[in-house]
Amino acid sequence: MVSKSFTLTNKMGFHMRPAQVFVTAMAKYSSNITITFNGKDINGKSIMNIMAACMKCGSEITVSCNGADEEAMLSEASSMIESGFGEE
């Protein structure tokens, strides 16, 4: 398992568009992805769970990937989150 912590920097946080882009990108991997926010584990392949978590700008999250392609998955997730989902 690999993991990395982030602070969300895009103004609107993990709202509908970035959640959809993120889930679509993560779906191509066989590994599992979990986003930990406020002590709760969120399925990173579920748009409904991501939306329900209400992760706003400035939120501290940890992304964990576990499986055969975990390194590649975490790398892509990191790029998306660190770029502010292309919204900046």
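**Entry 1: Phe-14**

I looked up Phe-14 in this predicted model and found that its relative accessible area is 2%. Buried means under 20%, so I recorded Phe-14 as buried.

I then asked which aromatic pairs the structure holds. There are two. In one of them, Phe-14 meets Phe-22 edge-to-face, with 5.3 Å centre to centre and 85 degrees between the planes. I noted that Phe-22 is buried, as is Phe-14. In the other, Phe-14 and Phe-85 form a tilted pair, with 4.8 Å centre to centre and 50 degrees between the planes.

**Entry 2: Where the partners lie**

I looked up where Phe-14 and Phe-85 sit in the chain. Phe-14 belongs to the loop between strand 1 (2–7) and helix 1 (16–26), whereas Phe-85 belongs to the segment after helix 3 (70–82), so their pair ties together parts that are 71 residues apart in sequence. Is Phe-85 buried or exposed? Its relative accessibility is 8%, and I therefore entered Phe-85 as buried. Through these ring pairs, Phe-14, Phe-22 and Phe-85 are linked into a cluster.

**Entry 3: The sheet**

I turned next to the strands. Four of them form an open sheet with antiparallel pairing, and their order is 1-4-2-3. Strand 1 and strand 3 are the edge strands, each pairing on one side only. On average, neighbouring strands of this sheet are turned by 25 degrees against each other, direction ignored.

I followed the pairings across the sheet. Strand 1 and strand 4 are joined by six bridges in the antiparallel sense, and I found Lys-4 matched with Val-63 of strand 4. Five bridges join strand 4 (residues 60–66) to strand 2, again antiparallel; here Thr-36 has Thr-62 of strand 4 as its bridge partner. Strand 2 pairs with strand 3 (residues 40–43) over four bridges, also antiparallel, and Ile-35 has Ile-42 of strand 3 as its bridge partner.

**Entry 4: Strand 2 and its turn**

Which residues of strand 2 (residues 32–37) lie on the covered face? I listed Ile-33, Ile-35 and Phe-37 there, and Asn-32, Thr-34 and Thr-36 on the uncovered face.

I also examined how strand 2 continues into strand 3. The two form a hairpin with two residues between them. In the turn, Asn-38 has a positive phi of about 55 degrees.

**Entry 5: Helix 3 and the sheet**

Lastly, I asked which strands helix 3 lies across. They are strand 1, strand 2 and strand 4. I noted that helix 3 runs at about 5 degrees to strand 1.

Technical notes:
Residues numbered from 1 in each chain as written. Predicted model: local features only at pLDDT ≥ 70, side-chain atom pairs only at ≥ 80, totals over all residues. Heavy atoms only, no water. Buried < 20%, exposed > 50% of the residue type's maximum accessible area, 1.4 Å probe, protein only. Pairing = 2+ DSSP bridges. Phe/Tyr/Trp six-rings, centres within 6.5 Å; stacked < 30°, edge-to-face > 60°. Axes fitted to C-alpha atoms, helices over the stretch in contact; angles between N-to-C directions. Contact = heavy atoms within 4.5 Å.
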